[in-house]
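Colleague: Could you pull up the model? I have some questions about side-chain pairs, buried residues and backbone angles.

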Amino acid sequence: FSIGSALACRRLGKPYVLSLDADELFELAYAGKPLTGIRKIFATWMANFNFRTADAFTCVSPAAKRHFVAEWHIPEEQITVLSNGVDIQFFQSGQDHAAIRARLGLEEAAVILFIGGFYPWHGLEMLVDSFRLAWQKAPQSRLLLVGDGETRPIIEKKVAACGLEKAVIFTGPVAHETIPSYLRAADICVAPYPRFSTEFWGSPLKLFEYMAAGKAVVASGAGQIAEIIQNGQNGLIVEPGDAPEFAEALTALLNDPAERKRLGENALKRAVEQHSWEHYIHQLEAIYESVL
């Protein structure tokens, strides 16, 4: 809802490239907190002003592109899909993973890792249900939840209600520079998105970071995720919100270290070839050059 850049580009005669990360008006309404009255009128006017002024657009997923074409009537040919990228070298670092495992009492456990915010759209309640089923078959496994957020108290209560207090570890927020070490301490990384009532248009950073760390990924096949993770090739994809299916995928990998290694190696290869910062920058430069 900022038009400063659009006004400056108009006045100076400069080309304007706009990044479409999300439709905030739509997301507020979806969350039950819609803008109304004069605020909605003014916000809609500002969005349309930006869209009319821009020479080119980037967006994070094909689903996002479809939304902006349908809802805001942006010409399809002006939008380039540019999924998020990752710093491969940074996520290949992390030398303290053994110390992390020792400090958290993980010892020889097989570790399932989630890193991110504790919010309803991250599917953590479903993840706990899935882990409970997997843990019954692989009691040596542990679920490591790294991060914090508004739903953490709900997740903690659910863990206790399931009798999983000794098998689920909450770290709370951690320093960004330690994330590669937590990833190296894990055996399986997860992105358990729930089923949405509308098409999921996100491009989850955690997905690319898991891949850059060379980890086997189990993820819900929501939106772009099912395109990034090719089922059985560089990870496992399950139906969004399906706890038993997610548990089956976790159990299969918990019992198969060789398959975890194969999926992780393929994930890293794809991250390097298609989702590195270098690859992202080359695509972005091409867009800038096209409008210049």
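Colleague: How far apart in helix α13 are K261 and E265?

Modeller: Four residues, so about one helical turn separates K261 from E265. Helices here are DSSP runs of H or I with at least four residues, strands are E runs of at least two, and both are numbered from the N terminus. Before going on: this is a predicted model, where local features need pLDDT of at least 70 and side-chain atom pairs count only at pLDDT 80 or more, while totals for chains, interfaces and linings use all residues. Residues are numbered from 1 along each chain as its sequence is written, and side-chain values use heavy atoms, leaving out hydrogens and water.

Colleague: What do the side chains of K261 and E265 form?

Modeller: A salt bridge, at 2.5 Å from N to O. The term means a side-chain nitrogen of Lys or Arg within 4 Å of a carboxyl oxygen of Asp or Glu.

Colleague: Are K261 and E265 buried or exposed?

Modeller: K261 is exposed at 53% relative accessibility, and E265 is partly exposed at 46%. Buried means under 20% relative accessible area, exposed means over 50%, and partly exposed is in between, with a 1.4 Å probe and protein chains only.

Colleague: How many salt bridges are there by this rule?

Modeller: The count is ten. One of them joins R260 to D187, with the closest N and O atoms 3.8 Å apart. R260 is in helix α13 (residues 257–274) and D187 is in the loop between α9 (179–184) and β7 (188–191), so this pair ties together parts 73 residues apart in sequence. R260 counts as buried, at 13% relative accessibility.

Colleague: And what about R195 and E239?

Modeller: Their side chains form a salt bridge too, at 3.1 Å from N to O. That pair links distant parts of the chain, 44 residues apart: R195 is in the loop between β7 and α10 (205–212), and E239 is in the loop between β9 (236–238) and α12 (243–254). R195 is exposed at 57%, whereas E239 is partly exposed at 37%.

Colleague: Now a lysine without a partner. How far from K65 is the nearest side chain of opposite charge?

Modeller: That side chain is E76, 4.5 Å away, and K65 is buried with no salt bridge. For charge, Lys and Arg count as positive and Asp and Glu as negative, with His and the chain ends not counted.

Colleague: What does the K65 side chain reach, then?

Modeller: The backbone oxygen of E76, at 3.5 Å. K65 itself sits in helix α4. Leaving out residues up to four places away in sequence, K65 touches C59, E76, I79 and V81, where contact means heavy atoms within 4.5 Å.

Colleague: On to aromatics. How many pairs does a search of the whole structure find?

Modeller: It finds 13 aromatic pairs. F51 and W72 make an edge-to-face one, with 5.2 Å centre to centre and 70° between the planes. F51 lies in helix α3 (residues 37–53) and W72 in helix α4 (residues 62–72), so the pair ties together parts that are 21 residues apart in sequence. Rings of Phe, Tyr and Trp (its six-membered ring) pair if their centres lie within 6.5 Å; planes under 30 degrees apart are stacked, over 60 edge-to-face, and the rest tilted.

Colleague: Are F51 and W72 buried or exposed?

Modeller: Both are buried. Ring pairs also link F51, F57, F68 and W72 into a cluster.

Colleague: Which residues in the largest nonpolar core touch the most other members?

Modeller: L145, L183, V190 and V218, out of 67 residues. A second, separate core has 23 residues, including L35, M46, A47 and F57. A nonpolar core is a set of buried Ala, Val, Leu, Ile, Met, Phe, Trp, Tyr and Cys residues joined through side-chain atoms within 4.5 Å.

Colleague: How many residues of α10 are buried?

Modeller: Seven of eight, among them K206, F208 and Y210. After α10 comes G214, with a positive phi near 75°.

Colleague: What is phi at H73 and E107?

Modeller: Positive in each case: near 60° for H73 and near 45° for E107. Most residues other than glycine have a negative phi. H73 is in the loop between α4 and β3 (79–81) and is exposed at 64%. E107, in the loop between α6 (97–103) and β4 (110–115), is exposed at 62%.

Conventions: Polar contact = N/O pair within 3.5 Å; in protein donor to acceptor, adjacent residues only side chain to side chain.
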